[in-house]
Amino acid sequence: MQIILKAVSLLTVLLTLLIPFAAIAQQSDYTLERAMLVMRHGVRPPTKSAQSMAPLSDSAWPDDAAWGAAPGELTPHGGLAIKKLGADLRDFYVGEGLLPAQGPIANQTLIWADGADQRTRATAQFLALGMIRNHEPEISVAWSDKEVDPLFDGLSAGVCKLDPLAAQQAVLAQGAIDTPLTTATLGRLQAVLAPEACQHGKGMCLEGESKLTATGKEVKISGPLSTGSTVAEVLLLEYENALPSEQVGWGRVNRSDIEQFISVHEHTSDLTRRTPYIATRRAYPLAQFILAALSENSVSTTTPAVSASQRLIVLTGHDTNLSNLAGVFGLDWHLADQPDVTAPGTTMAFERWRDNKTGQAVLRMRLFYQDMDQVRELSSTPARQIDLQAAACNKSQQNAQHCVLSDFVAAVKMQLPKDCKK
């Protein structure tokens, strides 16, 4: 196979160059030409085994049999939720005129996965299954055979490097690592994870100071905040994988509790993934690919290559990729009934529309997601969506009607690191 937040400087440059995209209400005035999607994989178990996680808690974690999958792999339930999402995405883009209402879409669709993990490869395959109709040709799915695909991790692939000191300073500039809110939330999470741990009982005590470290390839937070972030995410995954209530947080939590605990995970993610200095370097190849796919009908210089006939392009990656893109493009969002803003299946869409009167290409961004109960219950209701407004598309300019794509591309390129490999 082929190998295929908000920074002040970014805001300043982009807001001076670009005008916002108001709602494209008159479909006859605009034509949708291409949609470039980046999504997180579906529901998975913890990436470590139940045995490996045992020291964290005072009770046993759900094992492989409960999840229906090995650690870190896409679960059968998660696959079905992604398959439903695939059907919803096809329906949506048929309705927007991007895809034909009748006939196969295989030749118009490109699906590329992060080949490093089963969960991303399997997500791409389930997504493709959901997009096809009976007796249509299969939509092919591809990924890189390299150990690290630069498209999904420019740091590990060596395309870009971090200056450890600059990375730590950039994170600390966003705010404190431990905050009164995270400390209070960790205290409530302690009662679920291991109530007696801080009195020398079984399990991990979530008290103490968290530590920030950085290398040329990553920035990490260790200590109570990191542990709490991991546990909070696992609780949400248990809920969304439809585990019985007595297995979700050992029967000690409800949905409202999970929504509160996820704030610790969100805080950690914002600091280590969304901080622009880190995000623009890790997502450098991904941002370049998105800009190229939006700017040109065919692109031969990227991996994967993009043909003019491919109108719907989907990359199946990780929550880290979505957080990175939020940092690159100056995005911020919240989701109704879904506390994790990069939850399993969450899909960021970059759309190129053409003004039929002027011929100008304009950009619209949106986010597709499934709320907690849609995933848990495999609901038949369509995936939910919200509009995204990049820092480049300032809504305060009420007389403007759209975000000019060429200006957006030029402005973002100005903000990308100059020391990364081309």
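Here is a short dialogue on the nonpolar cores and disulfides of this predicted model.

Me: Where should I look to find the middle of the largest nonpolar core?

Reply: Start with the general idea: in soluble globular proteins, nonpolar side chains tend to be buried together. In this structure the largest nonpolar core holds 91 residues, and Met36 and Phe350 have the most contacts inside it.

Me: Which residues does Phe350 touch, leaving aside those up to four places away in sequence?

Reply: Its partners include Ala35, Met36, Ile290, Leu294, Leu325, Phe329, Leu363 and Met365, and Arg34 and Arg364 are on the list too. There is also a second, separate core, with 31 residues, among them Tyr30, Leu85, Ala106 and Leu127.

Me: Now the cysteines. How many disulfides are there?

Reply: A disulfide is recognised from two cysteine sulfur atoms within 2.5 Å, and the count here comes to two. One joins Cys160 to Cys420, with 1.9 Å from S to S. That pair links distant parts of the chain, 260 residues apart: Cys160 sits in the loop between strand 3 (141-143) and helix 6 (164-174), while Cys420 lies in the segment after helix 14 (405-415). Both cysteines of this pair, Cys160 and Cys420, are buried, and their link is right-handed, with 120° about the S-S bond.

Me: What about the link between Cys198 and Cys205?

Reply: Here the S to S distance is 2.1 Å. The torsion about the S-S bond of Cys198 and Cys205 is about 100°, so this disulfide is right-handed.

Me: Why does Cys198 count as partly exposed?

Reply: Buried means under 20% relative accessible area. Cys198 is at 21% relative accessibility, so it counts as partly exposed. Cys205 also counts as partly exposed, because its value is 24%.

Definitions and conventions. Residues are numbered from 1 along each chain as its sequence is written. This is a predicted model: local features need pLDDT of at least 70, side-chain atom pairs count only at pLDDT 80 or more; totals for chains, interfaces and linings use all residues. Side-chain values use heavy atoms; hydrogens and water are left out. A nonpolar core is a set of buried Ala, Val, Leu, Ile, Met, Phe, Trp, Tyr and Cys residues joined through side-chain atoms within 4.5 Å. Buried means under 20% relative accessible area, exposed over 50%, partly exposed in between (1.4 Å probe, protein chains only). Contact means heavy atoms within 4.5 Å. Helices (H or I, at least four residues) and strands (E, at least two) are DSSP runs, numbered from the N terminus.
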